[in-house]
Amino acid sequence: MAMSMSNAQIVEGCRRRDAKAQRALYDATAPMALGVCMRYAANRDEAQDLMQDAYIKVFERIGQLRDADRLEAWVYSIMVNTGVQHCRKAHRETVVDDLEPVASAVDFDPYSAHDLVAAMQQLSPRHRLAFNLFAVEGYSLDEVAQQMKCSNVNVRVMLNRARNKMREFLR
Amino acid sequence: MDWKQYTEQPDEGLFDEIQHRLHVRRLWRVGGWVASVAVLATVGIVALGIVSTQDSRQQAEPTAEAVLPAAGTVAPDVVDQPAVKQQVAVVPSEAKKVVAVAEPVVAATVADSVVEAPRMLSAVEPKQSERVAEAVAAAPAAVATPSTSTVQPGTPREPRATEQAVAAKIGQPAVDSSYRFSILKAPNVIVPGDDADEVRRFKVTPLESISDFSIMIFNRRGQRVYSSKDQAFAWDGTHEGQPLPQGAYVWVASFRDASGMPHTERGTVTVLR
C-alpha cells in the first residue's frame with residue numbers, strides 16, 4: 001500500500017504529536033493491528049478495545065522507536081504484548097495431566113484466517129493465549145511456558161484442549 | 001499461513017476516540033503539575049498567614065512569593081480536587097518534602113467533609129494537623145455526652161435527603177452545618193502577650209443574629225479547656241487561671257441561626273506565646 005508520507009516522516013511527525021502523521025500511522029497499520037487483536041480477544045468489540053489501548057501506547061511511546069523502517073514490526077509487537085497482557089489477566093484454570101501429541105498449525109490448513117480467528121475467539125483466554133503464542137507467533141513450548149508462567153506439560157495440555165475445541169467449532 | 005496478511009477493517013471513529021483519549025491523558029499529566037503547584041502555593045500562603053504574627057521566621061516569605069507567580073497561571077477548569085490527591089504522587093523528589101506537608105492538609109480538606117477547609121489549613125505543622133483532626137473527632141463525642149456537656153442543641157429540624165446522605169457518609173448528626181458557609185467568624189491565632197485586644201483574646205463574631213449559643217474549646221488531647229454559653233465571651237488562652245501551652249486548640253460552637261435552625265461549627269485556634 002503506497003503511503004503519501006514515508007515511514008520516517010510519519011515517525012517524526014508522531015514524535016511532534018502532529019495529527020496528520022498520527023492519522024497516517026493509524027491508517028497504515030490499523031487493519032493489521034485489528035487482525036492481531038482479534039486473535040487475542042473474545043470478540044470484535046473486545047478486540048477494538050484492545051486495539052485502542054495498544055494505540056495509546058504506540059503514540060505515547062513513539063519516542064522509543066529508533067529505526068523508522070521497523071515501524072510496522074514495532075506496532076505489531078505492541079499489539080501482541082497488549083493481547084498477551086489481556087489474556088494473562090484471565091483466571092488461571094486447573095489443568096489435568098494429559099500427554100497427547102502436541103497440536104500444530106498444520107492441522108488447520110484448509111481453513112481461512114477468518115474462520116480460525118472465529119474459532120480462536122471461542123476459546124478461554126488462557127487457551128487462546130497458548131495457541132497464539134505457539135501456533136501463530138511461533139514460540140517454542142519452553143518459551144510459551146516461560147511467558148505463561150506454567151510448565152511445559154501445562155502448555156501441551158492447553159494446546160490440545162485448544163485444538164480440540166477449535167476443531168469442534170470448525171466442523 | 002501468513003498471519004500478517006490477515007486484516008480486519010476497524011469501525012469508523014475509532015481513531016477519533018484514540019486521539020481524544022490521548023488528549024485527555026495529556027491534560028491529566030499537565031493538570032497534575034499545575035495542581036501540585038497550586039497545592040504548594042496554598043501551603044505557602046497559609047504558612048505566611050500563620051507566621052505573619054510572629055517576628056521571627058521571615059524566610060517563609062520569599063518561598064511563598066516565588067510560588068505565587070506560578071499559581072497565577074493555574075487553569076481553573078483543569079485543577080480538580082480528586083486529581084490533586086492522585087497526581088501528588090507524580091511530583092518530583094525535590095518537592096516531595098513540601099508535598100508531605102501538603103498531603104495531610106489536602107487529605108484533611110478533601111476526604112474529611114466534617115471540618116471546614118480554611119480553618120483546618122491553619123494548622124502549623126503536619127503533626128499538629130493530625131492531632132487536631134483527632135481532637136476534632138473527639139470533640140463531637142464530648143459534645144454528645146450528656147454528663148459533661150453544657151450544650152443544648154435543642155430539637156433538630158427534619159433533615160433533608162442530601163443532608164441525610166451526608167450524615168450517613170460522615171457519621172455526624174444531620175444538623176451539622178460545617179459543609180455550608182459558616183456563620184461564625186473566628187480568628188485562627190491568638191497571642192495572649194499582645195497589646196491589641198483582638199489579637200490577645202479569642203472571640204467569635206456571628207455574621208447574623210444567633211441565639212442559644214454555646215462554645216467549648218479543647219486541647220490536642222481532646223480535653224476541654226474552656227466553655228461558655230455567652231456569645232460575647234473572650235478566651236485568653238488559660239484554663240482555670242493557668243496559661244495554657246502554645247499550640248493548636250479546637251473550638252466547637254453550637255447555636256441557632258436567625259430562623260431558629262440549630263448549627264454546629266468548629267475550627268482551630270493557635271495560641272502563640
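**View 1. Strands β4 and β8 of chain B lie side by side as an antiparallel pair.** In this predicted model, 6 bridges link strand β4, residues 211-218 of chain B, to β8(B). For a place to rest your eye, find B:I217, whose bridge partner in β8(B) is B:W251. Is β8(B) mostly covered or mostly open? The strand is mostly covered, with 8 of its 10 residues counted as buried.

**View 2. On to the pairing of β8 with β9 in chain B.** Here β8 (residues 247-256) and β9 (residues 262-271) run antiparallel and are joined by 10 bridges. Two pairs make handy landmarks: B:G247 stands opposite B:V271 of β9(B), and B:A253 has B:E265 of β9(B) as its bridge partner. What do β8(B) and β9(B) form together? They make a hairpin, with 5 residues between the two strands. Look in the turn for B:G260, which has a positive phi of about 90°.

**View 3. Stepping back, the strands just visited belong to an open sheet of chain B.** Follow the 5 strands across in the order β2-β9-β8-β4-β5, and you will find that the pairing is mixed. Which strands form the edges? They are β2 (189-190) and β5 (224-228) of chain B, each of which pairs on one side only. Beyond this sheet, it helps to know what chain B holds overall: 8 helices and 9 strands. Of its 273 residues, 28% count as buried.

**View 4. Chain A is built from helices, with 8 of them and 0 strands.** Starting at the N terminus, you can walk through the chain as α-α-α-α-α-α-α-α. Chain A has 171 residues, and buried ones make up 37% of them. Among its contacts with a separation of 6 or more, 66% are between residues 24 or more positions apart.

**View 5. The largest nonpolar core, of 49 residues, draws on the helices of chain A.** Good residues to look for are A:A33, A:C37, A:M51, A:A54, A:A130 and A:F131, which have the most contacts inside this core. Each of the helices α1 (7-15), α2, α3, α4 (71-88), α5 (113-120), α6 (125-136), α7 (141-148) and α8 (152-170) of chain A supplies at least two of its residues. Which helix gives the largest share? That is α2(A), with 11 residues. Domain 1 (7-88) and domain 2 (105-170) of chain A both give residues to this core, so the core lies between them. Apart from this core lies another one, of 21 residues, which includes B:A186, B:V189, B:I217 and B:V250. You may remember B:I217 from the first view, as the bridge partner of B:W251.

**View 6. Finally, here is the place where chains A and B touch.** Chain A brings 18 residues to the contact and chain B brings 16. On the side of chain A that touches chain B, α2 (19-40) and α3 (44-60) each supply at least two residues, and the largest share, 9 residues, comes from α2(A). Sorted by class, this side of chain A has 13 nonpolar, 4 polar and 1 charged residues. One residue to zoom in on is A:M51. Leaving aside residues up to four places away in sequence, A:M51 touches A:A33, A:L34 and A:C37, and also B:P10 from the other chain.

Notes. Residues are numbered from 1 along each chain as its sequence is written. Chains are lettered from A and ligands numbered from 1 in the order in which they are written. This is a predicted model: local features need pLDDT of at least 70, side-chain atom pairs count only at pLDDT 80 or more; totals for chains, interfaces and linings use all residues. Two strands pair if DSSP finds at least two bridges between them. Helices (H or I, at least four residues) and strands (E, at least two) are DSSP runs, numbered from the N terminus. A residue is buried if 20 or more other C-beta atoms lie within 10 Å of its own, exposed if 12 or fewer, and partly exposed in between; C-beta atoms are placed from the backbone. Two residues are in contact if their C-beta atoms, placed from the backbone, lie within 7 Å. Ala, Val, Leu, Ile, Met, Phe, Trp, Tyr, Cys and Pro count as nonpolar, Asp, Glu, Lys and Arg as charged, and the others, Gly among them, as polar. A nonpolar core is a set of buried Ala, Val, Leu, Ile, Met, Phe, Trp, Tyr and Cys residues joined through C-beta atoms within 7 Å. Domain bounds come from an automatic or database domain assignment.
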